[in-house]
Amino acid sequence: MKLTIEALAAYLNQLYSGKATEQSLMMKLVEEMGEVAEVLNKRAGFKASQDENLTRELGEELADVIHYTVAIAAINQIDLAQVMVRKDRIASIKYHHPINLEDFLEAFDQK
Ligand SMILES: [Mg+2]
């Protein structure tokens, strides 16, 4: 199984289209971002934690953030992968990066 942004977007569009609004998904996204912050605060010792696996929890909360981010794009028929490649190209020029995502992906796909 290989998870792609396109497949995740198609799945989330099917899951949420007509059943959730971008506003309700944004509220969930903010909630999940708070959960990421909470885990990071625990890892930094700024918040008490029990014997939790904080790396596993961080992964789960980051997955939740991606879930709702892609869901908002999906129900708006936004091709997030295409936008990410275009924005990275602009940033790579602006910040003089030695490589951009598109070139990286071409080399990565050839492996
Ligand atoms: Mg969560």
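No salt bridges are counted between domain 1 and domain 2. The model behind this count is a predicted one. Polar contact between domain 1 and domain 2 comes to one residue pair, with both residues at pLDDT 80 or more. On the domain 1 side of this boundary, helix H1 (5-16) and helix H3 (54-75) are the elements that give two or more residues. The largest share there, three residues, is supplied by H3. By type, the residues on that side of domain 1 are four nonpolar, one polar and one charged.

The two domains can also be described by their extent and by the area they share. The domain assignment of the protein chain places domain 1 at residues 1-78 and domain 2 at residues 80-111. Six residues of domain 1 touch four residues of domain 2. About 370 Å² is buried between domain 1 and domain 2, and 81% of this lies on carbon and sulfur atoms. Taken over C-alpha atoms, the centres of domain 1 and domain 2 are 24 Å apart.

Salt bridges do occur in the structure as a whole, where the count is five. Side chains of opposite charge can pair when their charged atoms come close. One of these salt bridges joins glutamate 52 to lysine 42, with 2.9 Å between the closest N and O atoms. Glutamate 52 sits in the loop between helix H2 (22-43) and H3, whereas lysine 42 belongs to helix H2. The pair is ten residues apart and links distant parts of the chain.

Aromatic rings give another kind of pairing, and the structure holds two aromatic pairs. One of them is formed by tyrosine 16 and tyrosine 68, and its geometry is tilted. The ring centres of tyrosine 16 and tyrosine 68 are 6.3 Å apart, and their planes meet at 35°. Why is the pair of tyrosine 16 and tyrosine 68 called tilted? The angle of 35° is neither under 30 degrees, which would count as stacked, nor over 60, which would count as edge-to-face, so the pair is tilted. This pair also links distant parts of the chain: tyrosine 16 lies in helix H1 and tyrosine 68 in helix H3, 52 residues apart.

The two side-chain pairs are set out below.

| Pair | Kind | Distance |
|---|---|---|
| glutamate 52 and lysine 42 | salt bridge | 2.9 Å, closest N and O atoms |
| tyrosine 16 and tyrosine 68 | aromatic pair, tilted | 6.3 Å, centre to centre |

Conventions:
Residues numbered from 1 in each chain as written. Predicted model: local features only at pLDDT ≥ 70, side-chain atom pairs only at ≥ 80, totals over all residues. Heavy atoms only, no water. Domains from an automatic or database assignment. Contact = heavy atoms within 4.5 Å. Buried area = accessible area lost by both parts, 1.4 Å probe. Salt bridge = Lys/Arg side-chain N within 4 Å of Asp/Glu carboxyl O. Polar contact = N/O pair within 3.5 Å; in protein donor to acceptor, adjacent residues only side chain to side chain. Helix = DSSP H or I, 4+ residues; strand = E, 2+ residues; numbered from the N terminus. Nonpolar A, V, L, I, M, F, W, Y, C, P; charged D, E, K, R; others polar. Phe/Tyr/Trp six-rings, centres within 6.5 Å; stacked < 30°, edge-to-face > 60°.
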